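Ready for some practice in reading a protein structure? Take a look at the chain below, turn it around a few times, and then work through the exercises at your own pace.

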Amino acid sequence: MLVALDLTARQAARVLAQALQTHAKLEIEPRPEYFESPLWGRLESRVQDLLIVHLVDAGREFPLAALIGAMCDVRTIMSGQFYMFTTVIVDTGEGTAPRRLCLAVPDAIQVANRRRHTRKNPIEPVPVRLTLPGVGEPFVGHLANIGRGGLGCRVLQRELDELLLIGNEVRLEFMLPWMSRVYSLPSEVCSKTLSHDKDHLLVGFEFCAPDAAAQATLELLRSVLDNETQRLTEIDGEPL
(Lines give C-alpha, C1' and ligand atoms only; values in the text may rest on other atoms or scores of the structure.)
Protein backbone atom coordinates (compact mmCIF):
# COMPACT_ATOMS: atom_id res chain seq x y z
CA MET A 1 0.00 0.00 0.00
CA LEU A 2 1.28 3.48 -0.86
CA VAL A 3 0.60 6.58 1.21
CA ALA A 4 1.03 9.77 -0.84
CA LEU A 5 2.09 12.91 1.02
CA ASP A 6 2.54 16.47 -0.22
CA LEU A 7 6.06 17.79 0.34
CA THR A 8 6.63 21.28 1.66
CA ALA A 9 8.07 23.85 -0.75
CA ARG A 10 11.50 23.41 0.83
CA GLN A 11 11.36 19.63 0.59
CA ALA A 12 10.14 19.77 -3.02
CA ALA A 13 13.02 22.08 -3.95
CA ARG A 14 15.48 19.69 -2.32
CA VAL A 15 14.01 16.70 -4.18
CA LEU A 16 14.13 18.56 -7.48
CA ALA A 17 17.75 19.54 -6.88
CA GLN A 18 18.63 15.90 -6.17
CA ALA A 19 16.83 14.79 -9.34
CA LEU A 20 18.80 17.30 -11.41
CA GLN A 21 22.10 16.34 -9.82
CA THR A 22 21.58 12.61 -10.42
CA HIS A 23 19.85 12.99 -13.81
CA ALA A 24 16.95 10.99 -12.44
CA LYS A 25 15.09 8.63 -14.74
CA LEU A 26 11.49 9.76 -15.17
CA GLU A 27 8.37 7.84 -16.16
CA ILE A 28 6.14 10.30 -18.02
CA GLU A 29 2.50 9.53 -18.73
CA PRO A 30 0.74 12.17 -20.89
CA ARG A 31 -2.99 12.71 -20.33
CA PRO A 32 -5.25 11.68 -21.88
CA GLU A 33 -3.58 8.41 -22.82
CA TYR A 34 -1.56 9.05 -25.98
CA PHE A 35 0.45 5.83 -25.90
CA GLU A 36 0.00 2.25 -24.75
CA SER A 37 2.91 2.67 -22.31
CA PRO A 38 4.51 5.70 -20.60
CA LEU A 39 7.48 7.61 -21.97
CA TRP A 40 10.86 7.32 -20.29
CA GLY A 41 13.47 10.01 -20.04
CA ARG A 42 16.32 11.43 -17.96
CA LEU A 43 16.18 14.84 -16.33
CA GLU A 44 19.01 16.66 -18.06
CA SER A 45 18.82 20.27 -16.82
CA ARG A 46 16.69 23.17 -15.67
CA VAL A 47 16.32 26.39 -17.64
CA GLN A 48 14.43 28.96 -15.55
CA ASP A 49 10.98 27.38 -15.02
CA LEU A 50 11.48 24.50 -17.47
CA LEU A 51 12.80 20.99 -16.90
CA ILE A 52 14.65 19.56 -19.91
CA VAL A 53 14.13 15.81 -20.27
CA HIS A 54 16.05 13.66 -22.74
CA LEU A 55 13.91 10.75 -23.90
CA VAL A 56 15.44 7.29 -23.74
CA ASP A 57 12.68 5.37 -25.55
CA ALA A 58 15.03 3.84 -28.08
CA GLY A 59 13.25 2.41 -31.07
CA ARG A 60 9.90 4.09 -30.39
CA GLU A 61 8.90 6.47 -33.15
CA PHE A 62 6.06 8.87 -32.40
CA PRO A 63 5.37 12.55 -33.09
CA LEU A 64 6.14 14.77 -30.12
CA ALA A 65 4.57 18.00 -31.36
CA ALA A 66 1.10 16.72 -30.52
CA LEU A 67 2.11 16.61 -26.85
CA ILE A 68 2.67 20.37 -26.50
CA GLY A 69 0.20 21.68 -23.94
CA ALA A 70 -0.68 18.21 -22.61
CA MET A 71 -0.78 17.51 -18.89
CA CYS A 72 1.28 14.57 -17.71
CA ASP A 73 1.90 12.50 -14.60
CA VAL A 74 5.59 12.05 -13.78
CA ARG A 75 7.05 9.41 -11.47
CA THR A 76 10.59 8.69 -10.31
CA ILE A 77 12.46 6.73 -7.63
CA MET A 78 15.41 8.25 -5.78
CA SER A 79 17.18 6.86 -2.71
CA GLY A 80 14.45 4.26 -2.37
CA GLN A 81 11.65 6.85 -2.27
CA PHE A 82 8.88 7.04 -4.87
CA TYR A 83 8.07 10.61 -5.98
CA MET A 84 5.20 11.86 -8.15
CA PHE A 85 4.11 15.15 -9.66
CA THR A 86 1.80 16.53 -12.33
CA THR A 87 2.94 19.10 -14.86
CA VAL A 88 2.45 20.33 -18.43
CA ILE A 89 4.55 19.69 -21.54
CA VAL A 90 5.54 23.18 -22.68
CA ASP A 91 7.71 22.31 -25.70
CA THR A 92 9.34 19.39 -27.50
CA GLY A 93 12.55 18.79 -29.39
CA GLU A 94 11.68 16.62 -32.37
CA GLY A 95 14.88 17.02 -34.35
CA THR A 96 17.37 16.78 -31.49
CA ALA A 97 19.37 13.70 -30.59
CA PRO A 98 18.22 12.48 -28.19
CA ARG A 99 14.71 13.87 -28.55
CA ARG A 100 13.53 15.90 -25.61
CA LEU A 101 10.57 17.27 -23.70
CA CYS A 102 10.38 20.58 -21.87
CA LEU A 103 8.25 20.28 -18.74
CA ALA A 104 7.05 23.11 -16.52
CA VAL A 105 8.54 23.01 -13.02
CA PRO A 106 5.75 21.44 -10.92
CA ASP A 107 3.89 23.41 -8.28
CA ALA A 108 3.88 20.42 -5.90
CA ILE A 109 5.65 17.08 -5.46
CA GLN A 110 4.35 14.07 -3.56
CA VAL A 111 6.26 11.26 -1.90
CA ALA A 112 4.70 7.82 -1.58
CA ASN A 113 5.83 5.67 1.33
CA ARG A 114 5.32 1.94 1.03
CA ARG A 115 4.10 0.32 4.21
CA ARG A 116 6.37 -2.64 4.72
CA HIS A 117 5.56 -4.35 8.01
CA THR A 118 2.43 -5.22 9.93
CA ARG A 119 2.12 -3.05 13.02
CA LYS A 120 0.12 -3.49 16.19
CA ASN A 121 -2.00 -1.07 18.19
CA PRO A 122 -1.46 -0.65 21.96
CA ILE A 123 -4.52 -1.28 24.10
CA GLU A 124 -3.51 1.38 26.64
CA PRO A 125 -1.90 4.84 26.25
CA VAL A 126 1.87 4.72 25.71
CA PRO A 127 3.73 8.06 25.85
CA VAL A 128 6.55 8.64 23.37
CA ARG A 129 9.24 11.24 24.04
CA LEU A 130 10.51 12.99 20.89
CA THR A 131 13.87 14.79 20.93
CA LEU A 132 14.61 16.90 17.85
CA PRO A 133 18.13 18.08 16.94
CA GLY A 134 18.60 21.75 17.78
CA VAL A 135 15.39 21.93 19.84
CA GLY A 136 15.93 22.28 23.56
CA GLU A 137 12.86 20.71 25.16
CA PRO A 138 11.57 17.31 24.02
CA PHE A 139 7.96 16.81 22.98
CA VAL A 140 5.58 14.08 24.09
CA GLY A 141 3.23 12.17 21.83
CA HIS A 142 1.38 8.89 22.15
CA LEU A 143 2.02 5.58 20.46
CA ALA A 144 -0.49 4.79 17.71
CA ASN A 145 1.08 1.59 16.40
CA ILE A 146 4.43 -0.19 16.45
CA GLY A 147 6.22 -2.80 14.41
CA ARG A 148 9.69 -4.18 13.76
CA GLY A 149 10.57 -1.38 11.37
CA GLY A 150 9.12 1.65 13.12
CA LEU A 151 6.16 3.20 14.88
CA GLY A 152 3.31 5.64 14.43
CA CYS A 153 2.97 8.46 16.94
CA ARG A 154 0.08 10.85 17.59
CA VAL A 155 1.30 14.41 18.28
CA LEU A 156 -0.19 17.89 18.49
CA GLN A 157 -0.34 19.48 15.06
CA ARG A 158 0.29 23.04 16.30
CA GLU A 159 3.49 21.98 18.08
CA LEU A 160 5.19 19.76 15.55
CA ASP A 161 3.81 20.25 12.05
CA GLU A 162 6.59 22.68 11.09
CA LEU A 163 9.31 20.77 12.97
CA LEU A 164 8.68 17.21 11.79
CA LEU A 165 9.56 17.11 8.10
CA ILE A 166 9.85 14.02 5.92
CA GLY A 167 13.39 12.68 6.20
CA ASN A 168 14.21 14.49 9.46
CA GLU A 169 15.95 12.58 12.22
CA VAL A 170 14.29 12.32 15.64
CA ARG A 171 15.23 10.36 18.75
CA LEU A 172 12.31 8.41 20.22
CA GLU A 173 12.08 7.15 23.80
CA PHE A 174 9.23 4.94 25.01
CA MET A 175 8.33 2.01 27.26
CA LEU A 176 6.14 -0.89 26.23
CA PRO A 177 3.20 -1.47 28.63
CA TRP A 178 4.44 -4.82 29.96
CA MET A 179 8.17 -3.95 30.15
CA SER A 180 10.15 -1.71 32.51
CA ARG A 181 12.86 -0.98 29.95
CA VAL A 182 13.07 2.39 28.19
CA TYR A 183 13.82 2.05 24.49
CA SER A 184 15.76 4.95 22.97
CA LEU A 185 16.20 4.82 19.20
CA PRO A 186 17.16 7.26 16.44
CA SER A 187 14.43 7.38 13.82
CA GLU A 188 13.50 9.10 10.59
CA VAL A 189 10.19 10.76 9.76
CA CYS A 190 8.66 8.82 6.85
CA SER A 191 5.01 9.97 6.81
CA LYS A 192 2.62 12.60 8.20
CA THR A 193 -1.16 12.50 8.21
CA LEU A 194 -3.57 15.03 9.70
CA SER A 195 -6.00 13.36 12.10
CA HIS A 196 -9.77 13.58 11.76
CA ASP A 197 -9.99 16.09 14.61
CA LYS A 198 -7.54 18.40 12.76
CA ASP A 199 -5.69 19.00 16.04
CA HIS A 200 -3.26 16.08 15.84
CA LEU A 201 -0.85 14.51 13.39
CA LEU A 202 -0.21 10.81 12.97
CA VAL A 203 3.51 10.66 12.21
CA GLY A 204 5.22 7.53 10.93
CA PHE A 205 8.82 6.92 12.03
CA GLU A 206 11.28 4.39 10.66
CA PHE A 207 13.85 3.12 13.18
CA CYS A 208 17.52 3.70 12.34
CA ALA A 209 20.57 1.85 13.64
CA PRO A 210 23.65 3.96 12.83
CA ASP A 211 25.87 2.28 15.42
CA ALA A 212 26.28 -0.95 17.38
CA ALA A 213 24.41 0.35 20.45
CA ALA A 214 21.35 1.37 18.42
CA GLN A 215 21.45 -1.93 16.51
CA ALA A 216 21.48 -3.87 19.79
CA THR A 217 18.51 -1.86 21.12
CA LEU A 218 16.60 -2.38 17.89
CA GLU A 219 17.22 -6.14 17.87
CA LEU A 220 16.05 -6.35 21.49
CA LEU A 221 12.87 -4.42 20.68
CA ARG A 222 12.17 -6.65 17.69
CA SER A 223 12.63 -9.74 19.83
CA VAL A 224 10.19 -8.37 22.43
CA LEU A 225 7.62 -7.52 19.76
CA ASP A 226 7.97 -10.97 18.20
CA ASN A 227 7.61 -12.84 21.49
CA GLU A 228 5.39 -10.67 23.68
CA THR A 229 2.26 -9.94 21.67
CA GLN A 230 -0.40 -10.83 24.23
CA ARG A 231 -0.78 -7.20 25.30
CA LEU A 232 -1.17 -5.90 21.79
CA THR A 233 -4.11 -6.19 19.44
CA GLU A 234 -3.29 -7.25 15.91
CA ILE A 235 -4.66 -5.11 13.10
CA ASP A 236 -4.87 -5.95 9.43
CA GLY A 237 -2.77 -4.06 6.94
CA GLU A 238 0.59 -2.33 7.11
CA PRO A 239 2.17 0.53 9.06
CA LEU A 240 2.34 4.21 8.42
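The exercises that follow use a predicted model, and each one comes with a worked solution.

**Exercise 1. Check the span of helix α3, and find which of its residues are buried**.

Solution.
- Step 1: Start with the length. Helix α3 covers residues 212–227, which is 16 residues.
- Step 2: The expected span is 1.5 Å times one less than the number of residues, so for helix α3 the result should be 22 Å.
- Step 3: Compare this with the model. The end C-alpha atoms of α3 are 23 Å apart, which agrees.
- Step 4: Now look for burial, using the cut-off of under 20% relative accessible area. The buried residues of α3 are Ala214, Thr217, Leu218, Leu221, Arg222, Val224 and Leu225.
- Step 5: These buried residues span an arc of only 160 degrees around the axis, so they sit on the same side of α3.
- Step 6: Turn to the face pointing away from that buried side. Exposed residues Ala212 and Asn227 are found there.

**Exercise 2. Find what a side-chain oxygen of aspartate 211 reaches at the start of α3, and then find a salt bridge inside the helix**.

Solution.
- Step 1: At the start of α3, a side-chain oxygen of aspartate 211 comes to within 3.3 Å of the backbone nitrogen of alanine 213.
- Step 2: Further along, arginine 222 and glutamate 219 form a salt bridge through their side chains, at 3.3 Å from N to O.
- Step 3: Both partners belong to helix α3 and are 3 residues apart, about one turn of the helix.
- Step 4: Glutamate 219 has 37% relative accessibility, so it counts as partly exposed.

**Exercise 3. How many salt bridges does the whole structure hold, and which parts of the chain does the pair of glutamate 173 and arginine 129 tie together?**

Solution.
- Step 1: Searching the whole structure gives 6 salt bridges.
- Step 2: In one of them, the side chains of glutamate 173 and arginine 129 meet at 3.7 Å, N to O.
- Step 3: Glutamate 173 is in strand β13 (residues 169–175) and arginine 129 is in strand β10 (residues 127–131), so this pair ties together parts that are 44 residues apart in sequence.
- Step 4: Check accessibility. Glutamate 173 is partly exposed at 26%, and arginine 129 is partly exposed at 40%.
- Step 5: Try another pair. Aspartate 161 and lysine 192 meet in a salt bridge at 2.9 Å, N to O.
- Step 6: Aspartate 161 lies in the loop between α2 and β13, and lysine 192 lies in strand β14, 31 residues apart.
- Step 7: Here aspartate 161 is partly exposed, at 21%, whereas lysine 192 is buried, at 17%.

**Exercise 4. Which residues form the aromatic cluster, and how are the rings of phenylalanine 174 and tyrosine 183 arranged?**

Solution.
- Step 1: The structure has 2 aromatic pairs.
- Step 2: Phenylalanine 174 and tyrosine 183 have ring centres 5.8 Å apart and planes at 25 degrees, so this pair is stacked.
- Step 3: Phenylalanine 174 is buried with a relative accessible area of 2%, and tyrosine 183 is buried at 0%.
- Step 4: Phenylalanine 174 also pairs with phenylalanine 207, again stacked, at 6.4 Å centre to centre and 15 degrees between the planes.
- Step 5: This second pair links strand β13 with strand β15, its residues being 33 apart in the chain.
- Step 6: Put the pairs together: Phe174, Tyr183 and Phe207 form one aromatic cluster.

Terms used
Residues numbered from 1 in each chain as written. Predicted model: local features only at pLDDT ≥ 70, side-chain atom pairs only at ≥ 80, totals over all residues. Heavy atoms only, no water. Helix = DSSP H or I, 4+ residues; strand = E, 2+ residues; numbered from the N terminus. Buried < 20%, exposed > 50% of the residue type's maximum accessible area, 1.4 Å probe, protein only. Arc of directions from axis to C-beta. Polar contact = N/O pair within 3.5 Å; in protein donor to acceptor, adjacent residues only side chain to side chain. Salt bridge = Lys/Arg side-chain N within 4 Å of Asp/Glu carboxyl O. Phe/Tyr/Trp six-rings, centres within 6.5 Å; stacked < 30°, edge-to-face > 60°.
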